Every structure is written in C-alpha cells, then in structure tokens.
Amino acid sequence: MTDPGRGFEPATGDGMEAPSGRREAELRTAYEGLLQIRRLVNGPAGAAVPAPWEVRQLPRAVALVLEAAGIPPSALDAEGRRTRTGYRVAASGSGPAAGAGHVEVTWAGPPGGGAAEEEQERLTACAAVLEELGWVCLLYRGPRRRRFLEVEPPR
C-alpha cells in the first residue's frame, strides 16, 4: 500500500496479503507512471527499456511489473509463514549471476501447496512479462532442484 512519503510499494511476495480495492487503482497508477517515465527518459526506445531509477531499485521495479501483469505474489502471515503461492522477488544473493544489478524471482508457497510442481511454468510466464519490458531473464535450477529466475537490466 501507499506509505506517506514513500509512495506505492509493490508486493514482493514477502509481505502480508494486501486488501484489494484501493490497491488496484494505486497499482494501475504506479505502473502507468513507470511506463510514462520510460517514455520520457528513454526517448525513441520508449517503454521497451528499463529507466535508470528501475535499475537502482531493481526488486521494486520487477515486483511492480509482475503485480501489474496480474501474476499473484506469495504472501506471509503475521508469524512469517507462507499463506499464498505466488512470485517472490528478492535481491540476488547467490547463483551464477549473483551480485549488484540482479534480482531473483522464485515461485513460493505454503509447505505442501504445490509451488514446486508449477514453478517452471509460472516462472516462464514471469520471464515472458519481464522480457517484454526489456529485462533479461535466465531460468536456473538451484538448491534442492528448485528453479528461479535471475533478472537483470539489458547491457
């Protein structure tokens, strides 16, 4: 939701489930703002290339694109347990492309909820949405054979 002084905060998959209603309008406004900034900053490249502020705030930018595309974010309860299956966006800490300028997108859910069985299909859908907006996505298999996307800006 909107935090005074901070603006709209997209769902990264590590927060509590947000109530809909007003959030949908805020999400639409934030996403339209992202596209408008891209058009203004990128000139002829327009909306197909991430703007510099997106690169500086990579987890936020990637989460905004995924949420605006209607892909559900994962969610946690007050005790930090997963309550919903969906994407999770986090700064990359390991993996082949680890380092600054990368985020990791995983498909997370409650234990026994089936997230592992659907992760390849769902992460492929996440990659398609992100690549359409100029992000570079690579699908990897990590620990315990779980898949994840490394997302980075184009070079």
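These are my notebook entries on a predicted model of one protein chain.

**Entry 1: overall fold**

I started with the secondary structure. I counted four helices and eight strands in the protein chain. I then read the order along the sequence and wrote down β-β-α-α-α-β-β-β-β-α-β-β.

**Entry 2: size and packing**

I looked up the radius of gyration next. The protein chain has 15 Å, and a compact globule of 155 residues would have a value near 15 Å, so the two agree. I also took the box along the principal axes. The C-alpha atoms fill roughly 45 × 35 × 25 Å.

How much of the protein chain is buried? I found that buried residues make up 41% of the 155 residues. I turned to contacts with a separation of 6 or more. Of these, 54% join residues 24 or more positions apart.

**Entry 3: surface and charge**

I noted an accessible surface of about 8,300 Å² for the protein chain. Carbon and sulfur atoms hold 54% of that surface. I tallied the charged side chains as well: 19 are positive and 20 are negative. The centres of the two sets lie 2 Å apart.

**Entry 4: Gly7**

I went to Gly7, which sits in strand E2, residues 7-8. Is Gly7 buried, exposed or partly exposed? Its relative accessibility is 26%, and buried means under 20% while exposed means over 50%. Gly7 therefore counts as partly exposed. I also checked Gly7 against Glu26. The two are 19 residues apart in sequence, and their C-alpha atoms are 9.4 Å apart in space.

**Entry 5: Thr106**

I moved on to Thr106 in strand E6, which runs over residues 103-108. Why does Thr106 count as buried? Its relative accessible area is 18%, and the cut-off for buried is under 20%.

Which residues touch Thr106, once neighbours within four places in sequence are set aside? I listed Gly86, Tyr87, Arg88, Leu123 and Phe148. Phe148 took me to strand E8, since that strand covers residues 147-152.

**Entry 6: the E7 and E8 hairpin**

I looked at how strand E8 pairs with strand E7, residues 136-141. The pairing is antiparallel and has six bridges. Within this pair I found Cys137 opposite Val151 in E8. Five residues lie between the strands of the hairpin. I checked the backbone there and noted that Arg144 takes a positive phi near 55°.

I added one general reminder on strands. In a regular strand the side chains alternate between the two faces of the sheet.

Definitions and conventions: Residues are numbered from 1 along each chain as its sequence is written. This is a predicted model: local features need pLDDT of at least 70, side-chain atom pairs count only at pLDDT 80 or more; totals for chains, interfaces and linings use all residues. Side-chain values use heavy atoms; hydrogens and water are left out. Two strands pair if DSSP finds at least two bridges between them. Helices (H or I, at least four residues) and strands (E, at least two) are DSSP runs, numbered from the N terminus. The radius of gyration is taken over C-alpha atoms; the globule rule is 2.2 Å times the number of residues to the power 0.38. Buried means under 20% relative accessible area, exposed over 50%, partly exposed in between (1.4 Å probe, protein chains only). Contact means heavy atoms within 4.5 Å. Accessible areas come from the Shrake-Rupley method with a 1.4 Å probe; for residues, only the protein chains shown count as cover. Lys and Arg count as positive and Asp and Glu as negative; His and the chain ends are not counted. The place of a charge is taken as NZ of Lys, CZ of Arg, CG of Asp or CD of Glu.
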